[in-house]
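Subject: The structure, and what turned up in it

Hi,

Here is the structure I promised to pass on. Have a look at it first, then read my notes underneath.

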Amino acid sequence: MSVFSVDKLISEARKIAAEYRRATGKNLGGISGEIAENDAARLLNLELCSDQTGGYNAIGKGQRDGRKIQIKGRAIFNEAKAGQRIGQLKTSQEWDSVVLVLMDENFEPTEIFEAERINIMAALEEAGSSKRTKRGAMSVSRFKHIARLVWSAEKGEIDEDETWDNQGNV
């Protein structure tokens, strides 16, 4: 048993990742995914799986009870930079939805979006047969377009009953 709690270790990992990026201009590989998993579990009442070979990282509790959820994370350092992508989606494996944790330059969560499998698969199909699409790659903006905002730093968790307009008040 470790002397440190996971929450304390994640807090230190955030600081180290942010300082490393500021010092080198590069990201520490894999750190945003680990932080995103922890944040999603804590903020959305998910239980992380110890064995993640099934295509999902967590099982939902509460309003997501029993749902198999893939978790992706992306630190956004420059909002103006186009074409930012999320990690490869495991399209050939079993899962119900994907949660995308967006983080700021300090690796703190700012927003969490959730997209249902049917919407993701339809968006990938619509995108065509490029190599990226076949690998389950998707841009952050496309994901946000088909997803629902489920948590924000300003509001906390957002109930399914609350209406959120992802069209930018168009």
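Below is what I found, going from the whole chain down to single residues.

This is a predicted model, so keep in mind that local features need pLDDT of at least 70, side-chain atom pairs count only at pLDDT 80 or more, and totals for chains, interfaces and linings use all residues. Residues are numbered from 1 along each chain as its sequence is written, and side-chain values use heavy atoms, with hydrogens and water left out.

**The whole chain**

The protein chain has five helices and seven strands (DSSP runs numbered from the N terminus: H or I of at least four residues for helices, E of at least two for strands). Along the sequence they come in the pattern α-α-β-β-β-β-β-α-α-α-β-β. Of its 170 residues, 39% count as buried (buried is under 20% relative accessible area, exposed is over 50%, and partly exposed is in between, with a 1.4 Å probe and protein chains only). Take the contacts (heavy atoms within 4.5 Å) with a separation of 6 or more: residues 24 or more positions apart account for 56% of them.

**Helix H2**

H2 covers residues 31-44, and its end C-alpha atoms are 20 Å apart, which agrees with the 20 Å expected for 14 residues (the expected span is 1.5 Å times one less than the number of residues). Ten of those 14 residues are buried, so H2 is largely enclosed by the rest of the structure. Among the buried ones are Ile-31, Ile-35, Glu-37, Asp-39 and Leu-44. Right after H2 comes Asn-45, with a positive phi near 60 degrees.

**Strands E5, E6 and E7**

E6 (residues 148-152) has four of its five residues buried, so this strand is also largely enclosed by the rest of the structure. E6 pairs with E5 in the antiparallel sense over four bridges (strands pair if DSSP finds at least two bridges between them), and here Ile-112 stands opposite Trp-151. E6 also pairs with E7 (residues 156-157), again antiparallel, over two bridges. Ser-152 has Gly-156 as its bridge partner there, and a hairpin of three residues joins E6 to E7.

**Rings and charges**

How many aromatic pairs does the structure hold? There is one, counting rings of Phe, Tyr and Trp (its six-membered ring) with centres within 6.5 Å; planes under 30 degrees apart are stacked, over 60 edge-to-face, and the rest tilted. The rings of Phe-77 and Phe-107 have centres 5.8 Å apart and planes at 65 degrees, so the pair is edge-to-face. Phe-77 is in the loop between E3 and E4 and Phe-107 in the loop between E4 and E5, so the pair ties together parts that are 30 residues apart in sequence. Phe-107 is buried at 2% relative accessibility, while Phe-77 is partly exposed at 28%.

Phe-77 has another partner: the charged end of Arg-21 sits over its ring, 3.7 Å from the centre (NZ of Lys or CZ of Arg must be within 6 Å of the ring centre and within 35 degrees of the ring normal). Likewise, the charged end of Arg-117 sits over the ring of Trp-95, 4.5 Å from its centre.

**Ser-97**

Ser-97 is in strand E4. Is Ser-97 buried or exposed? At 0% relative accessibility, Ser-97 counts as buried. Its side chain makes a polar contact with the side chain of Glu-114, at 2.7 Å (a pair of N or O atoms within 3.5 Å; within protein, one must be able to donate a hydrogen and the other to accept it, and residues adjacent in sequence count only if both atoms are side-chain atoms). Leaving out residues up to four places away in sequence, Ser-97 touches residues including Ile-69, Glu-114 and Arg-117.

Cheers
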